[in-house]
Amino acid sequence: MHMPGGNAIGGVGPQLAADAAAFISVSGLSKSYGAFQALADVSFSIDAGQGLALLGPSGCGKTTILRCIAGLETPDTGRIEIGGVTVFDAQKKIDLAPERRELGIVFQSYAIWPHMSVGENVGLPLKVRRVAGAEITRRIDEALALVGLKGWHERSAMALSGGQQQRIALARAIVHQPRLVLFDEPMSNLDTQLREDMRVDLRLMQERIGFTSVYVTHDHGEAFSLARDVLVMNHGKVEMKGEPHQVYFNPATPFVAKFFGYNVVEGVVASAQEIELAPGLRLAVGPHLLPPGAPVTLCVRKEDISLVDGDSGLACEIETQLFQGGHDELVVACGPLRLRVIQPPRRIPHKDIRLTIPPERCIVLARPAQ
Ligand SMILES: Nc1ncnc2c1ncn2[C@@H]1O[C@H](COP(=O)(O)OP(=O)(O)OP(=O)(O)O)[C@@H](O)[C@H]1O
Ligand SMILES: [Mg+2]
């Protein structure tokens with residue numbers, strides 16, 4: 001049978017200390033599975049009532065971080081503090097059981113008990129905390145309403161779709177109003193409309209209940225709208241941390257730029273305001289402090305490239321144009337370079353077209369010489 005991990009099930013946790021500015025603090029967290037290092041020296045903190053989104057490609061260690069915070073995985077090194085209480089310290093050999101960490105989790109795999117009703121599943125965290133019956137019913141109704149399943153109390157959990165299971169898991173994670181909620185891709189199975197609605201509902205709920213959250217997702221928009229800070233992970237390491245606007249508009253590394261869909265092209269500095277991307281192919285990039293000949297990486301958002309008729313800009317040819325609904329995505333060849341471009345949907349001639357990029361939109365990163 002499918003064994004759910006459930007929420008923080010069990011007795012009441014330790015009395016949490018009064019609000020400190022950082023509600024959760026993770027430092028020097030490492031975890032290996034045999035020779036494979038899944039987490040390498042991960043540190044971050046989250047202020048009380050705020051959200052942190054963990055972003056990064058599949059396998060970069062996002063779920064492992066959540067499992068370490070929840071106490072479902074034992075890190076090799078590091079320290080985790082929640083609400084002023086040290087729940088894990090490798091050096092001091094402190095490792096609080098999951099049920100004593102007082103948090104709610106929405107697992108990537110939902111973890112719904114199929115033999116129970118929807119109401120029983122959602123009410124589980126209240127039952128183990130011995131909340132009175134009438135209060136349990138009231139809170140279950142409230143949590144179900146929040147996830148758009150009002151009145152589903154009596155239904156069997158056996159016959160739920162993936163999206164419905166996901167919503168039940170979400171209701172169960174918040175029904176006991178925990179101070180910390182861990183979300184592992186809680187909306188990956190929902191259709192676009194429901195996802196957008198729930199994104200807004202979750203944001204409102206977060207503001208109303210005031211819980212601190214760690215939110216794992218593959219959806220950038222979801223991360224940006226639900227979290228105050230974003231942590232971009234790369235092979236178990238923190239690649240960049242910052243506010244959504246900062247990580248998206250000012251990626252610190254080519255990895256982060258690529259992750260957010262930028263065009264990433266290598267070149268060398270040609271002059272104080274130009275870089276050379278290929279022999280004879282120069283681009284104005286605005287002022288920078290790098291010396292001529294310095295190897296650089298140019299990062300440009302697809303939306304910041306314009307295709308124009310006329311004489312200015314770099315000559316290019318369109319290789320493909322894909323209609324995406326609200327916009328077109330194009331692949332253009334510019335000499336030996338291939339760039340991805342997003343434009344409003346329109347018919348563009350495939351020849352005699354030029355591309356322009358506002359210099360201030362070009363991000364130039366120094367690149368180690370090879
Ligand atoms: N129990 C385990 N034993 C061995 N390797 C593991 C174990 N758990 C995780 N890993 C490995 O650690 C790495 C990180 O896994 P993790 O589940 O944290 O990735 P993730 O970022 O959540 O990926 P996804 O986006 O696909 O969910 C992966 O390479 C995974 O195979
Ligand atoms: Mg995962």
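β12 and β13 make a hairpin, with 2 residues between them. Strands here (E, at least two residues) and helices (H or I, at least four) are DSSP runs, numbered from the N terminus. Keep in mind that this is a predicted model: local features need pLDDT of at least 70, side-chain atom pairs count only at pLDDT 80 or more, and totals for chains, interfaces and linings use all residues. Residues are numbered from 1 along each chain as its sequence is written, while chains are lettered from A and ligands numbered from 1 in the order in which they are written.

Now for confidence. The chain has a mean pLDDT (the predictor's confidence in each residue, from 0 to 100) of 89, with 94% of residues reaching 70 or more. Residues 1-20 sit below 50, yet that stretch has 45 contacts in the model beyond near neighbours in sequence. Two residues are in contact if their C-beta atoms, placed from the backbone, lie within 7 Å.

As for the overall layout, the chain splits into domain 1 (22-249) and domain 2 (261-366), with bounds that come from an automatic or database domain assignment. Their C-alpha centres are 39 Å apart.

Back to that hairpin and its sheet. It belongs to an open sheet of 5 strands, ordered β14-β13-β12-β15-β21, with antiparallel pairing. Strands pair if DSSP finds at least two bridges between them. β14 (281-284) and β21 (363-366) are the edges, each pairing on one side only. From one strand to the next, the twist averages 40°; axes are lines fitted to C-alpha atoms (for helices, over the stretch in contact), and angles run from 0 to 180 degrees between N-to-C directions.

Going into the register, V268 has E276 in β13 as its bridge partner, and S271 stands opposite E274 in β13. E274 also has a partner in β14, namely A284. The β13 and β14 hairpin likewise has 2 residues between its strands, and G280 takes a positive phi near 80° there.

There's another open sheet of 5 strands, in the order β16-β20-β17-β18-β19 and again antiparallel. Its edge strands are β16 (306-308) and β19 (337-343), each with a pairing on one side only. Neighbouring strands in this sheet are turned by 45° against each other on average, direction ignored. Within it, A315 has R354 in β20 as its bridge partner.

Here are some of the antiparallel pairs:

| Strand pair | Bridges |
|---|---|
| β12 (263-271) and β13 (274-278) | 3 bridges |
| β13 and β14 | 4 bridges |
| β17 (314-323) and β20 (353-356) | 3 bridges |

Finally, the ligand. The residues around ligand 1 are Y33, F36, A38, G56, S58, G59, C60, G61, K62, T63, T64 and Q108; a residue is near a molecule or strand if its C-beta atom, placed from the backbone, lies within 6 Å of it. The elements giving two or more residues to this shell are β2 (36-47) and α1 (62-70). α1 gives the most, with 3 residues. By type, the shell divides into 4 nonpolar, 7 polar and 1 charged. In that count, Ala, Val, Leu, Ile, Met, Phe, Trp, Tyr, Cys and Pro are nonpolar, Asp, Glu, Lys and Arg are charged, and the others, Gly among them, are polar.
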